[in-house]
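Colleague: I would like a close look at one part of this model, followed by an account of the elements around it in the chain. Please give the cut-off behind each term as you go.

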Amino acid sequence: MLAKLSRRPALRRCGGAGAVTLALLGAGLPAAAADTPPQPDLTRFYTQKITWSSCERQGMPKDMECGKVTVPIDYARPRAGTLDLGLARYRATGKSRGSVLLDFGGPGAAGVSELGSGGKEFMDLTNGYDVVSFDPRGVGRSSPVSCGVGIGKAPALSETETEVNLDNPKSALTLLRRTAAECARHSGPVMPHMGTINVSRDMDVIRQALGDDRLNYLGFSYGSRLGAVYAAQFPDKVGRMVLDGVDTLTESLADQGVVGAAGQQTALDDFLDWCATDIACPFGQDRRQAGDQVVRLIHSLDEDPVATGLGTGFSGQDLVGAIAQGLYSKEMWPSLERAIASLVDDGDTTAIQNFSSGGIALPGLGTRVRANGGGLVDEGDVPSDNLSAALIAVTCADDPDRPTERQIAKDLKRLKAEYEQASPVFGQYRLTEVLMCYGRPKGTDYVRDHVKNLDTPKILLVGTRGDPATPYRWTVETAERLGPSAVVLDNKGEGHTGYSSSKCVHGKVDDFLLYGSLPPSGSSCGPDTPNTMG
C-alpha cells in the first residue's frame with residue numbers, strides 16, 4: 001500500500017538487483033562465517049554511545065531527551081560517507097529492562113516529532129522501558145530527501161489523474177521521469193541508499209548504541225514492514241516485537257492499490273452506516289442511497305470545483321483525499337460529517353480542507369535544499385515535500401517492478417476498470433500510484449522474495465477489520481508468510497491500526513512488551529463503544 005501513514009491521522013509509505021542486495025546484506029552483519037569473503041568493517045558504528053540531552057526544539061516536552069547516532073550512507077562502503085540519525089526518548093520511570101523502539105510508519109514519518117506530539121500514549125511502556133523513536137535516513141532532520149520544493153504544497157499524483165491519457169500516457173511518464181531526476185539531484189548522496197533494507201540496518205546500529213542485546217520494537221503501518229525486514233536480516237537480535245497495521249510484503253504496486261482502494265471503500269461503507277443514523281448526515285438517512293450520493297458529489301465537484309479562500313478550486317478528487325484521511329480514526333467521523341455538511345450546505349471548504357490529502361504527492365520542482373554534509377539539519381530546513389519525497393523513495397526502493405512505457409499503456413485501461421470495481425470512490429484517486437516509480441532505478445526484490453519463514457521469537461501482528469490503509473487480509477497473509485513466529489490479534493474495530501484506538505489492543509500490546517504475555521493466535525478484541533474509545 002502506498003498511502004501508508006503513521007497511526008496518527010495528521011501524517012500521512014536505491015536498492016539494487018536481488019543478487020547485489022543479498023551481497024550488501026551480508027556486508028557488516030555482526031557475525032560472519034569464516035569461509036565468507038571479508039566484510040566491510042562496521043566497528044566504529046557498532047561501538048558508539050548516544051549522548052542524550054534536553055531537546056532544544058520549540059514545543060518539545062521537557063521530559064523528552066534527544067540524541068543521535070551515526071550510520072554509513074552505504075553499508076558496502078562505510079568509509080565513503082556517513083549521516084546522523086535524530087533520536088528521541090522518554091526515560092523509564094522505574095527499573096529499565098532496556099529500550100523499546102517505535103516507528104510510526106509512512107514511510108516518511110519523522111519519529112522524533114511524532115514522539116514529541118503523541119508520547120503520552122506510550123507512557124505505560126515507561127514502566128519498564130526507555131521509549132525511543134528516530135528520524136529514519138532521508139526523513140525529518142536525518143538528511144531529508146526532497147525534490148526541490150522549498151515552501152508550499154506539492155501537487156498530488158491523484159490531482160493529475162484526469163489528465164492522464166489512458167491510450168497514450170507518454171506526457172505523464174515524461175513528467176515522472178523528469179521529477180525522478182530532480183529528486184535525485186536535490187536529495188544528495190542518501191537517495192540511492194534509501195529503502196527498508198538500509199533503514200533496518202540502521203535500526204540494528206541504534207539497538208547496539210542503546211545498549212540492548214535484542215531489539216524490542218513497536219512498528220505501525222509501514223513500520224510493520226520495517227520490523228519484518230529487520231527480523232529477516234537479524235533474526236538472532238529480535239526481542240519483543242509488535243507489528244500494528246500490517247503491511248503487505250509481496251504485492252505489486254498495482255495490486256496494492258486495488259486492495260487498498262477496496263479497504264478504503266469498506267471503511268467508507270462503515271462510515272456511511274454510522275452517518276445515516278444521524279439526522280445531520282449530509283447524505284441523508286437512506287443508507288441505500290448514501291453511497292450513490294457520495295459518488296455524485298465527487299463527480300459534481302470534479303466538473304465544477306468550489307472556490308476556496310486560497311483562490312484555488314476544491315475538486316472531487318480533493319474531497320476523496322479528505323475523506324480518506326477522515327476514515328483513519330473513528331474518532332474523526334463526527335468532524336468529517338460536519339465538514340462535508342458545511343461543504344454541501346454552504347459551499348464552505350474550510351473544515352474539509354483541514355483533512356490532509358490522502359494522495360501520493362508528486363513532488364514539484366523548485367529550489368535546491370540546503371546541503372547538510374550528513375549532520376542533522378535544523379528543523380526549519382526540513383523541506384516541505386520531505387514526507388512525500390521519502391514515501392516515494394522508499395516505496396520505489398522496495399519495489400523491483402519497472403514496467404516499460406508500452407506495458408503501462410497496455411495495462412492502464414484494464415487497471416482502471418479493476419480499480420473502479422474495487423471502489424467507485426477511491427479507485428480513480430489511486431490509479432496513478434501505479435506510475436509513481438517510473439523513471440527511478442529498479443528496487444530490490446529482497447522484501448518480496450526473502451522476508452518469510454522467520455526463525456525468531458514470537459512476533460505479535462495486530463490487524464484491524466475496518467482499517468482503510470492496511471486491510472486485514474494483509475495481516476493474515478503476512479502472518480502465513482512469516483511462519484510459526486507470527487501471532488495474530490484480530491481487532492474488530494475501525495480506523496488505521498489498533499493501539500491508539502482500542503483499549504483492548506493497547507492493553508494486550510503493553511502486556512506483551514512489558515511482561516512477555518502473548519494472547520493466543522487468532523484471539524480478538526471487540527470494537528470499542530463510544531464511551532470507551534481511548
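What is the relative accessible area of S143, and does S143 count as buried or exposed?

Modeller: S143 is buried, with a relative accessible area of 8%, where buried means under 20% relative accessible area, exposed means over 50%, and partly exposed lies in between, with a 1.4 Å probe and protein chains only. This is a predicted model, in which local features need pLDDT of at least 70 and side-chain atom pairs count only at pLDDT 80 or more, whereas totals for chains, interfaces and linings use all residues. Residues are numbered from 1 along each chain as its sequence is written, and side-chain values use heavy atoms, with hydrogens and water left out.

S143 is placed in the loop between β5 and α4; helices (H or I, at least four residues) and strands (E, at least two) are DSSP runs, numbered from the N terminus. The backbone at S143 has a positive phi of about 50°, although S143 is not a glycine. Most residues other than glycine have a negative phi, and most peptide bonds are trans. A second non-glycine residue with a positive phi is T497, at about 75°. T497 lies in the loop between β11 and α17 (503-515), and it counts as buried because its relative accessibility is 0%.

The strand before the S143 loop, β5 (residues 130-134), pairs with β4 (residues 99-103) in the parallel sense over four bridges, two strands being paired if DSSP finds at least two bridges between them. Along this pairing, S99 stands opposite D130 and L101 stands opposite V132. Strand β4 is largely enclosed by the rest of the structure, because five of its five residues are buried. From β4, S99, L101 and D103 point one way while V100 and L102 point the other way, and all of them are buried.

After β4 the chain enters the loop between β4 and α3, where P107 lies. The peptide bond from G106 to P107 is cis, with omega near -10°. Helix α3 (residues 111-118) has six buried residues among its eight, so it is largely enclosed by the rest of the structure. The buried residues are G111, V112, E114, L115, G116 and G118, and they pack against β2 (64-72), β3 (82-90), β4 and β5.

Strands β4 and β5 belong to an open sheet of 10 strands with mixed pairing, in the order β1-β2-β3-β5-β4-β6-β7-β10-β11-β12. Its edge strands are β1 (53-54) and β12 (523-525), each of which pairs on one side only. Strands of a sheet pair through backbone hydrogen bonds, either parallel or antiparallel. Further along the order, β10 (residues 459-466) and β11 pair in the parallel sense over seven bridges, with E494 in β11 as the bridge partner of G466. Strand β11 (residues 486-494) is mostly covered, with seven of its nine residues buried.

Strand β7 (residues 238-244) contains D244, which counts as buried because its relative accessibility is 0%. The side chain of D244 reaches the backbone nitrogen of Y499 at 2.9 Å; a polar contact is a pair of N or O atoms within 3.5 Å, where, within protein, one must be able to donate a hydrogen and the other to accept it, and residues adjacent in sequence count only if both atoms are side-chain atoms. Leaving aside neighbours within four places in sequence, D244 is in contact with G219, F220, S221, V462, T497, G498 and Y499, contact meaning heavy atoms within 4.5 Å. One of these residues is thus T497, the second positive-phi position described above.

The helix after the S143 loop, α4 (170-187), is among the elements that cover the buried residues of α13, as are α7 (253-275) and α14 (427-431). In α13 the buried residues are I408, D411, L412, L415, Y419 and A422. A kink of about 40° in α13 is centred on L412, the bend at a residue being the angle between axes fitted to the seven residues ending there and the seven starting there. The end C-alpha atoms of α13 (residues 405-422) are 25 Å apart, which agrees with the 26 Å that its 18 residues should span at 1.5 Å a residue; the expected span is 1.5 Å times one less than the number of residues.

As background, the chain has 17 helices and 12 strands, and buried residues make up 60% of its 534 residues.
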